[in-house]
Amino acid sequence: MREEEKKPTSTIRRILKQRWALSAIYIASAAIILAAAFLLQNSFNDSAKDGKEESAETGKNYGEPSVEVNSNLETIKMPVADADKSVIKKQFYDVNADEKAQEEALVFYNNRYEQNKGIDIAMEDGKSFDVKASLSGNVTKVQDDALLGNLVEVEHEDGVVTRYQSVKDIKVAVGDKVKQGQAIATAGKSQINEEAGVHVHFEIRKDNIALNPLDFVDKQASAIQSATEAEADKEETPAVEGSEADKETPAVEGSEADKETPAVEGSEADKEETPAVEGSEADKEETPAVDETDESTDLESGTDEEGSVPGEDTTEESDSLKDSLNQSN
């Protein structure tokens, strides 16, 4: 029994004692390792390819600022912590306001008057305060400007942008995502409106058109889109086309007809066909002046109206006198 158990072991030893045994073992081990490495590499490449495709899909709009999905549902707030203690130093310039309100909304700088594109907000005590984000959005512009007093712009949905000027100690950078009510800067001063003192110049723009912020405070951001669409509908209503037709149609057609038709045809007809013209021609042709010339011709020829010649009568009378004298002698 012991001899039979030792046979397999002795066989392995004999094989290992061969010169080629170790080389074969090394070659087989290397082949197994290389095959395993090749399989692992292929699996890694496949997973990396899938990861790249997924990242390409997810990063398709990379570089574009992301916007809060529910920002249109937010209610627009004043860019201050306590709106009750704030005052408006300069109102928005409204083209539909009265003359006095428009004058008060003008900003005078460098001997020029500029229309105020937003509202200038300050505190009643004149102290500095934190400037809050009026709506959630993404910071798209941060600019140092001594004239405007530095600038921060936050972009929202549907082309809406909120702008904060005359600020200092800016706490955000381009690309940052801000929440409504988040402090983005501190109120400061500007050269263009020194009369306002420490304040923030707040603007709301839709497609780069300035709107009056007070018209949308405490309203949802979607109200901005609705208001601009309503303004566009007013500009394209048929009332505009009708007014244009009223202005153009009667003035052109009626005036031209009134100017041309009666004046030309009537005047020509009056000149050519009026009795005055025919009468004058008939008077010239049939007047007694022609008969007088005939009478004068008859007088020159020595005949009277009855056809007798006065000279002949006188000669006959003289001949009869001569005969009577001869007879008497």
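1. In which strand does Val154 lie? Val154 belongs to strand S7, which covers residues 151-155. This note concerns a predicted model, and the points below take up selected residues, the overall chain and the pockets.

2. Val154 has a relative accessible area of 0% and is therefore buried, the limit for that class being under 20%. Setting aside residues up to four places away in sequence, Val154 touches Leu135, Gly137, Asn138, Val139, Val160, Val161, Thr162, Tyr164 and Val178. One of these partners, Val178, is 24 residues away in sequence. The C-alpha atoms of Val154 and Val178 are 8.3 Å apart.

3. A second residue to inspect is Ile121, which is part of strand S4 (residues 119-123). Its relative accessibility is 0%, so Ile121 counts as buried. Beyond residues up to four places away in sequence, Ile121 is in touch with Met78, Pro79, Val80, Ser86, Val87, Phe129, Val198, His199, Val200 and Phe202. The C-alpha atoms of Ile121 and Gln91 are separated by 9.1 Å, with their positions 30 residues apart along the chain.

4. Two backbone positions deserve a check. Asp158 has a phi near 60°, which is a positive value in a residue other than glycine. Asp158 is located in the loop between S7 and S8. With a relative accessible area of 40%, Asp158 is partly exposed, because this class lies between the limits of 20% and 50%.

5. The other position is Ser166, for which phi is again a positive value near 60° in a residue other than glycine. Ser166 sits in the loop that runs between S8 and strand S9 (167-168). Is Ser166 buried or exposed? Ser166 is buried, since its relative accessible area is 2%.

6. Aromatic contacts form a further topic. The structure contains two aromatic pairs. In the pair formed by Phe108 and Tyr113, the ring centres are 4.8 Å apart and the planes meet at 50°, so this pair is classed as tilted. The tilted class applies because the angle is neither under 30 degrees, as for stacked rings, nor over 60, as for edge-to-face rings. Phe108 counts as partly exposed, at 46% relative accessibility. Tyr113 has a relative accessible area of 58% and is exposed, because the limit for that class is over 50%.

7. As for the overall chain, eight helices and 13 strands are assigned to the protein. Of its 329 residues, 24% count as buried. Among contacts with a separation of 6 or more, 64% join residues 24 or more positions apart. The chain exposes about 23400 Å², and carbon and sulfur atoms supply 51% of this area.

8. The largest pocket holds about 610 Å³ of space. It is lined by 21 residues, and those closest to its centre are Phe92, Ile209, Ala210, Leu211 and Glu231. Strand S13 (209-211) and helix H4 (222-235) are the elements that give two or more residues to this lining. Which element gives the most to the lining of the largest pocket? H4 does, with five residues. By residue class, the lining of the largest pocket divides into nine nonpolar, five polar and seven charged residues.

9. The second largest pocket has a volume of about 240 Å³. Its lining consists of 17 residues, of which Asn116, Leu148, Gln165, Ile192 and His201 are the closest to the centre. The elements that contribute two or more residues to this lining are strand S3 (112-115), strand S8 (160-165) and strand S12 (200-206). S12 provides the largest share, three residues. How do the residues of the lining of the second largest pocket divide into nonpolar, polar and charged? Three are nonpolar, eight are polar and six are charged.

Note on methods. Residues numbered from 1 in each chain as written. Predicted model: local features only at pLDDT ≥ 70, side-chain atom pairs only at ≥ 80, totals over all residues. Heavy atoms only, no water. 1 Å grid on protein atoms, 1.4 Å probe; cavity = no way out; pocket = protein on both sides within 12 Å on 5 of 7 lines; lining within 4 Å. Points joined across faces, edges and corners; volume = space filled by probe spheres on them. Helix = DSSP H or I, 4+ residues; strand = E, 2+ residues; numbered from the N terminus. Nonpolar A, V, L, I, M, F, W, Y, C, P; charged D, E, K, R; others polar. Buried < 20%, exposed > 50% of the residue type's maximum accessible area, 1.4 Å probe, protein only. Contact = heavy atoms within 4.5 Å. Areas by Shrake-Rupley, 256 points an atom, 1.4 Å probe, with all protein chains shown as cover. Phe/Tyr/Trp six-rings, centres within 6.5 Å; stacked < 30°, edge-to-face > 60°.
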